[in-house]
Amino acid sequence: MEALVEVHRLARAGRFTEALGALRNLPGSSAARVPAQVAKAELLERIGHYSDSRDQVARLYRIGDLQAEYRSDCESVLGLIELEVGTCEGATVHFQKALALAEGARDAKRSAWCELRLMSALSERDGSEAAVPRLSTVRTSVTRLGDPIVATALHVFLSEVEGKRGMVHSAARHARRALSLLSHEENIWLESRALNTL
(Lines give C-alpha, C1' and ligand atoms only; values in the text may rest on other atoms or scores of the structure.)
Protein backbone atom coordinates (compact mmCIF):
# COMPACT_ATOMS: atom_id res chain seq x y z
CA MET A 1 0.00 0.00 0.00
CA GLU A 2 2.90 2.35 0.77
CA ALA A 3 4.04 2.17 -2.84
CA LEU A 4 0.71 3.72 -3.90
CA VAL A 5 1.03 6.81 -1.70
CA GLU A 6 2.50 8.97 -4.49
CA VAL A 7 -0.07 7.71 -6.99
CA HIS A 8 -2.92 8.65 -4.64
CA ARG A 9 -1.32 12.03 -3.84
CA LEU A 10 -1.10 12.93 -7.53
CA ALA A 11 -4.62 11.69 -8.26
CA ARG A 12 -5.99 13.70 -5.32
CA ALA A 13 -4.32 16.79 -6.81
CA GLY A 14 -6.11 16.16 -10.11
CA ARG A 15 -2.84 15.25 -11.82
CA PHE A 16 -4.16 12.10 -13.42
CA THR A 17 -1.58 11.60 -16.17
CA GLU A 18 1.26 12.01 -13.68
CA ALA A 19 -0.46 9.59 -11.29
CA LEU A 20 -0.76 7.00 -14.05
CA GLY A 21 2.95 7.48 -14.82
CA ALA A 22 3.80 6.93 -11.15
CA LEU A 23 1.61 3.82 -11.14
CA ARG A 24 3.45 2.43 -14.16
CA ASN A 25 6.75 2.97 -12.32
CA LEU A 26 5.73 0.83 -9.34
CA PRO A 27 7.64 -2.40 -8.77
CA GLY A 28 5.91 -5.39 -10.41
CA SER A 29 4.61 -6.90 -7.17
CA SER A 30 3.07 -3.59 -6.03
CA ALA A 31 1.58 -2.82 -9.45
CA ALA A 32 -0.09 -6.26 -9.56
CA ARG A 33 -1.97 -5.80 -6.29
CA VAL A 34 -5.69 -5.10 -6.38
CA PRO A 35 -5.51 -1.49 -5.05
CA ALA A 36 -3.03 -0.60 -7.82
CA GLN A 37 -5.20 -2.26 -10.45
CA VAL A 38 -8.27 -0.35 -9.22
CA ALA A 39 -6.28 2.90 -9.30
CA LYS A 40 -5.28 2.09 -12.88
CA ALA A 41 -8.93 1.67 -13.93
CA GLU A 42 -9.84 4.98 -12.27
CA LEU A 43 -6.93 6.88 -13.81
CA LEU A 44 -7.53 5.49 -17.29
CA GLU A 45 -11.12 6.74 -17.05
CA ARG A 46 -9.99 10.16 -15.82
CA ILE A 47 -7.70 10.68 -18.83
CA GLY A 48 -10.34 9.51 -21.31
CA HIS A 49 -9.06 6.02 -22.12
CA TYR A 50 -12.50 4.50 -21.66
CA SER A 51 -11.97 1.22 -23.49
CA ASP A 52 -8.78 0.48 -21.53
CA SER A 53 -10.53 1.44 -18.31
CA ARG A 54 -13.46 -0.90 -19.05
CA ASP A 55 -11.00 -3.71 -19.85
CA GLN A 56 -9.23 -3.09 -16.54
CA VAL A 57 -12.56 -3.27 -14.67
CA ALA A 58 -13.40 -6.52 -16.47
CA ARG A 59 -10.07 -7.99 -15.31
CA LEU A 60 -10.81 -6.91 -11.75
CA TYR A 61 -14.27 -8.47 -11.85
CA ARG A 62 -12.69 -11.80 -12.77
CA ILE A 63 -11.18 -11.81 -9.27
CA GLY A 64 -13.66 -14.01 -7.40
CA ASP A 65 -13.44 -12.41 -3.98
CA LEU A 66 -13.03 -8.75 -4.94
CA GLN A 67 -13.81 -6.70 -1.83
CA ALA A 68 -16.93 -4.54 -1.74
CA GLU A 69 -15.01 -1.25 -1.65
CA TYR A 70 -13.12 -2.18 -4.82
CA ARG A 71 -16.32 -3.33 -6.53
CA SER A 72 -17.73 0.07 -5.57
CA ASP A 73 -14.77 1.76 -7.26
CA CYS A 74 -15.28 -0.37 -10.37
CA GLU A 75 -18.98 0.50 -10.54
CA SER A 76 -18.09 4.19 -10.14
CA VAL A 77 -15.62 3.95 -13.01
CA LEU A 78 -18.24 2.32 -15.24
CA GLY A 79 -20.76 4.98 -14.21
CA LEU A 80 -18.36 7.81 -15.04
CA ILE A 81 -17.71 6.31 -18.46
CA GLU A 82 -21.44 5.94 -19.12
CA LEU A 83 -22.02 9.53 -18.02
CA GLU A 84 -19.24 10.81 -20.24
CA VAL A 85 -20.59 9.05 -23.33
CA GLY A 86 -24.12 10.27 -22.60
CA THR A 87 -25.75 7.09 -21.30
CA CYS A 88 -27.25 8.64 -18.18
CA GLU A 89 -29.53 5.71 -17.37
CA GLY A 90 -26.60 3.29 -17.33
CA ALA A 91 -24.55 5.74 -15.27
CA THR A 92 -27.35 6.02 -12.72
CA VAL A 93 -27.54 2.23 -12.33
CA HIS A 94 -23.76 1.94 -11.86
CA PHE A 95 -23.66 4.76 -9.30
CA GLN A 96 -26.54 3.23 -7.34
CA LYS A 97 -24.63 -0.07 -7.19
CA ALA A 98 -21.44 1.74 -6.23
CA LEU A 99 -23.23 3.59 -3.43
CA ALA A 100 -24.81 0.41 -2.06
CA LEU A 101 -21.40 -1.33 -2.04
CA ALA A 102 -19.67 1.65 -0.38
CA GLU A 103 -22.36 1.89 2.28
CA GLY A 104 -22.15 -1.87 2.84
CA ALA A 105 -18.40 -1.49 3.34
CA ARG A 106 -19.07 1.44 5.72
CA ASP A 107 -16.73 3.63 3.71
CA ALA A 108 -17.79 7.25 4.23
CA LYS A 109 -15.45 8.72 1.63
CA ARG A 110 -16.47 6.32 -1.13
CA SER A 111 -20.13 6.81 -0.18
CA ALA A 112 -19.83 10.60 -0.44
CA TRP A 113 -18.21 10.40 -3.89
CA CYS A 114 -20.89 7.93 -5.01
CA GLU A 115 -23.66 10.22 -3.77
CA LEU A 116 -22.14 13.16 -5.65
CA ARG A 117 -21.82 11.13 -8.83
CA LEU A 118 -25.34 9.74 -8.53
CA MET A 119 -26.69 13.26 -8.04
CA SER A 120 -24.79 14.34 -11.16
CA ALA A 121 -26.18 11.44 -13.20
CA LEU A 122 -29.74 12.15 -12.06
CA SER A 123 -29.26 15.80 -12.96
CA GLU A 124 -28.04 14.88 -16.44
CA ARG A 125 -30.78 12.29 -16.96
CA ASP A 126 -33.80 14.13 -15.55
CA GLY A 127 -32.71 17.79 -15.51
CA SER A 128 -31.05 19.84 -12.82
CA GLU A 129 -34.17 19.90 -10.63
CA ALA A 130 -33.80 16.13 -10.12
CA ALA A 131 -30.67 16.68 -8.05
CA VAL A 132 -32.40 18.91 -5.49
CA PRO A 133 -34.10 16.13 -3.43
CA ARG A 134 -30.75 14.37 -2.84
CA LEU A 135 -28.89 17.56 -1.98
CA SER A 136 -29.55 17.54 1.75
CA THR A 137 -28.32 13.93 2.11
CA VAL A 138 -25.21 14.64 0.05
CA ARG A 139 -24.42 17.82 2.00
CA THR A 140 -24.72 15.93 5.28
CA SER A 141 -22.41 13.16 4.06
CA VAL A 142 -19.83 15.62 2.71
CA THR A 143 -19.91 17.74 5.88
CA ARG A 144 -19.60 14.70 8.13
CA LEU A 145 -16.66 13.44 6.07
CA GLY A 146 -14.77 16.73 6.39
CA ASP A 147 -12.60 16.13 3.32
CA PRO A 148 -11.81 19.43 1.54
CA ILE A 149 -11.52 17.82 -1.91
CA VAL A 150 -14.94 16.17 -1.61
CA ALA A 151 -16.38 19.46 -0.31
CA THR A 152 -14.83 21.24 -3.28
CA ALA A 153 -16.36 18.67 -5.64
CA LEU A 154 -19.78 19.36 -4.10
CA HIS A 155 -19.42 23.11 -4.70
CA VAL A 156 -18.19 22.51 -8.26
CA PHE A 157 -21.17 20.26 -8.96
CA LEU A 158 -23.58 22.78 -7.45
CA SER A 159 -22.04 25.60 -9.49
CA GLU A 160 -22.59 23.61 -12.68
CA VAL A 161 -26.17 22.66 -11.78
CA GLU A 162 -27.06 26.21 -10.76
CA GLY A 163 -25.53 27.52 -13.98
CA LYS A 164 -27.70 25.14 -16.04
CA ARG A 165 -30.73 26.35 -14.10
CA GLY A 166 -29.88 29.95 -15.03
CA MET A 167 -29.06 30.89 -11.43
CA VAL A 168 -25.91 32.77 -12.36
CA HIS A 169 -25.18 34.42 -9.00
CA SER A 170 -25.57 31.17 -7.08
CA ALA A 171 -23.43 29.31 -9.64
CA ALA A 172 -20.67 31.92 -9.31
CA ARG A 173 -20.87 31.80 -5.50
CA HIS A 174 -20.39 28.02 -5.46
CA ALA A 175 -17.55 28.21 -7.99
CA ARG A 176 -15.78 30.87 -5.90
CA ARG A 177 -16.28 28.76 -2.76
CA ALA A 178 -14.71 25.79 -4.55
CA LEU A 179 -11.71 27.91 -5.56
CA SER A 180 -11.42 29.18 -2.00
CA LEU A 181 -11.28 25.62 -0.66
CA LEU A 182 -8.60 24.83 -3.24
CA SER A 183 -6.38 27.58 -1.85
CA HIS A 184 -5.54 25.09 0.92
CA GLU A 185 -5.18 21.93 -1.16
CA GLU A 186 -4.51 21.51 -4.88
CA ASN A 187 -6.79 19.79 -7.36
CA ILE A 188 -6.27 21.15 -10.85
CA TRP A 189 -9.16 19.14 -12.31
CA LEU A 190 -11.72 20.67 -9.91
CA GLU A 191 -10.10 24.08 -10.24
CA SER A 192 -10.50 24.00 -14.01
CA ARG A 193 -14.17 23.04 -13.72
CA ALA A 194 -14.81 25.89 -11.27
CA LEU A 195 -13.02 28.35 -13.54
CA ASN A 196 -15.03 27.12 -16.53
CA THR A 197 -18.23 27.86 -14.62
CA LEU A 198 -17.03 31.36 -13.76
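Me: Which residues count as touching serine 53, not counting residues up to four places away in sequence?

Reply: Ala41, Leu44, Glu45, Val77 and Ile81. Each is in contact, as contact means heavy atoms within 4.5 Å. This is a predicted model, in which local features need pLDDT of at least 70, side-chain atom pairs count only at pLDDT 80 or more, and totals for chains, interfaces and linings use all residues. Residues are numbered from 1 along each chain as its sequence is written, and side-chain values use heavy atoms, with hydrogens and water left out.

Me: Why is serine 53 called buried?

Reply: Its relative accessibility is 0%. Buried means under 20% relative accessible area, exposed over 50%, and partly exposed in between, with a 1.4 Å probe and protein chains only. So serine 53 counts as buried.

Me: What does the side chain of serine 53 reach at 2.7 Å?

Reply: The backbone oxygen of alanine 41. A polar contact is a pair of N or O atoms within 3.5 Å; within protein, one must be able to donate a hydrogen and the other to accept it, and residues adjacent in sequence count only if both atoms are side-chain atoms. At 2.7 Å, the pair with alanine 41 falls within that limit.

Me: Which helix holds serine 53, and which holds serine 51?

Reply: Serine 53 lies in α5, residues 50-61. Serine 51 is found in α5. Helices (H or I, at least four residues) are DSSP runs, numbered from the N terminus.

Me: What makes serine 51 partly exposed?

Reply: Its relative accessibility is 49%. That value sits between the two cut-offs, so serine 51 counts as partly exposed. Its C-alpha atom is separated by 9.2 Å from that of isoleucine 81, 30 residues apart along the chain.

Me: How do you know whether glutamate 45 is buried or exposed?

Reply: Its relative accessible area is 3%. That is under the limit for buried, so glutamate 45 is buried. Its place is in helix α4.

Me: What joins the side chains of glutamate 45 and arginine 46?

Reply: A polar contact of 2.7 Å. These two are adjacent in sequence, but the contact counts because it joins side chains. Leaving aside neighbours within four places in sequence, glutamate 45 is also in contact with Tyr50, Ser53, Val77, Leu80 and Ile81.

Me: Why are the buried residues of helix α2 said to lie on the same side?

Reply: In α2 (residues 16-24), Phe16, Ala19, Leu20, Ala22 and Leu23 are buried. They cover an arc of only 160° around the axis, which puts them on the same side of α2. The arc is that of the directions from the helix axis to the C-beta atoms. An α-helix has 3.6 residues a turn, so residues three or four places apart point the same way. On the other side of α2, Thr17 and Arg24 are exposed.

Me: What makes arginine 106 exposed?

Reply: Its relative accessible area is 78%, over the cut-off for exposed. Arginine 106 lies in the loop between α7 (88-104) and α8. It has a positive phi of about 55° although it is not a glycine.

Me: Why is glycine 146 called exposed?

Reply: A relative accessible area of 58% puts glycine 146 over the cut-off. It is found in the loop between α9 (132-145) and α10.

Me: Which classes make up the lining of the largest pocket?

Reply: The residues divide into 17 nonpolar, four polar and nine charged. Ala, Val, Leu, Ile, Met, Phe, Trp, Tyr, Cys and Pro count as nonpolar, Asp, Glu, Lys and Arg as charged, and the others, Gly among them, as polar. The largest share of this lining, seven residues, comes from α4.

Note on methods:
Helices (H or I, at least four residues) and strands (E, at least two) are DSSP runs, numbered from the N terminus.
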